[in-house]
Amino acid sequence: MKKLLALLLALVMVFALVGCGDDDGDDILKDAEDVMKQMVEAYENDDEERYEELEEELERLGQKAREYANKLIDEGKEDEAEEFMEACGELGEKYDLD
């Protein structure tokens, strides 16, 4: 299960890495961090049902990040994307359980 959590965290970071921007990008980061904290807690408490719910939330956030990224790409905001990708990478490292 530990490897699964690490894989899921990496997956959401891949999806979130392509999103960026002002408030929407910040919201994605905040939401992802909240979900990751809850996933760690569910994992530590061996709460598989809650963990599965959080997996679905992580997938939803990934979709939201992809949609937002497409919007930003259309707007030509590549510099903001790079900054956001760095922030996502830091967040991924923070919750890497390997």
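**Figure 1. A salt bridge within helix 3 joins Arg-50 and Glu-53.** In this predicted model, the side chains of Arg-50 and Glu-53 form a salt bridge with an N to O distance of 3.1 Å. Both residues belong to helix 3 and stand three residues apart, about one turn of the helix. An α-helix has 3.6 residues a turn, so residues three or four places apart point the same way. Arg-50 counts as partly exposed, at 31% relative accessibility, and Glu-53 is likewise partly exposed, with a relative accessible area of 39%. Side chains of opposite charge can pair when their charged atoms come close.

**Figure 2. A salt bridge links helix 2 to helix 3 through Asp-31 and Lys-64.** The closest N and O atoms of Lys-64 and Asp-31 are 4.0 Å apart. This pair connects distant parts of the chain, with Asp-31 in helix 2 and Lys-64 in helix 3, 33 residues apart. Lys-64 has a relative accessible area of 31% and is therefore partly exposed. Asp-31, at 23% relative accessibility, is also classed as partly exposed, since the buried class requires a value under 20%. The count of salt bridges in the model comes to five.

**Figure 3. Helix 3 is shown from end to end, with its buried residues.** Helix 3 covers residues 48-75. At 1.5 Å a residue, its 28 residues should span 40 Å, and the end C-alpha atoms lie 41 Å apart, which agrees. The buried residues of this helix are Tyr-51, Leu-54, Glu-55, Leu-58, Leu-61, Gly-62, Ala-65, Tyr-68, Ala-69 and Leu-72.

**Figure 4. Two positions with positive phi, Asp-46 and Gly-76, are found on either side of helix 3.** Asp-46 lies in the loop between helix 2 and helix 3. Its phi is near 55°, a positive value in a residue other than glycine. Most residues other than glycine have a negative phi. Asp-46 counts as exposed because its relative accessibility is 55%, and the exposed class begins over 50%. Gly-76, just after helix 3, takes a positive phi of about 75°.

**Figure 5. Lys-77 and Glu-75 form a further salt bridge.** The closest N and O atoms of Lys-77 and Glu-75 are 3.1 Å apart. Glu-75 counts as partly exposed, at 41% relative accessibility. Lys-77 is partly exposed too, with a relative accessible area of 30%.

**Figure 6. The largest nonpolar core includes Val-35 and Met-39.** This core has 17 residues, and Val-35 and Met-39 are those with the most contacts inside it. Helix 2, helix 3 and helix 4 (78-94) are the elements that give two or more residues to the core. Leaving aside residues up to four places away in sequence, Val-35 touches Leu-54, Glu-57, Leu-58 and Leu-61. Of these partners, Leu-54, Leu-58 and Leu-61 are among the buried residues of helix 3. In soluble globular proteins, nonpolar side chains tend to be buried together.

**Figure 7. Met-39 and Glu-55 are shown as a pair separated in sequence.** Met-39 lies in helix 2. Its relative accessible area is 0%, so Met-39 is buried. Glu-55 is one of the buried residues of helix 3. Met-39 and Glu-55 are 16 residues apart in sequence, and their C-alpha atoms are 8.0 Å apart in space.

**Figure 8. The whole chain is given for orientation.** The protein chain contains four helices and zero strands, and its pattern along the sequence reads α-α-α-α. Of its 98 residues, 37% count as buried. Among contacts between residues at least 6 apart in sequence, 84% join residues at least 24 apart. The chain exposes about 6,000 Å², of which carbon and sulfur atoms supply 46%. The mean pLDDT of the chain is 77, and 71% of its residues reach 70 or more. Among its elements, helix 2 (residues 23-44) has the highest mean pLDDT, 88, whereas helix 1 (residues 2-17) has the lowest, 59. Where pLDDT is low, the predicted coordinates should not be read in detail.

Methods. Residues numbered from 1 in each chain as written. Predicted model: local features only at pLDDT ≥ 70, side-chain atom pairs only at ≥ 80, totals over all residues. Heavy atoms only, no water. Buried < 20%, exposed > 50% of the residue type's maximum accessible area, 1.4 Å probe, protein only. Contact = heavy atoms within 4.5 Å. Areas by Shrake-Rupley, 256 points an atom, 1.4 Å probe, with all protein chains shown as cover. pLDDT = per-residue confidence, 0-100. Expected span 1.5 Å × (residues − 1). Core = buried A, V, L, I, M, F, W, Y, C linked by side-chain atoms within 4.5 Å.
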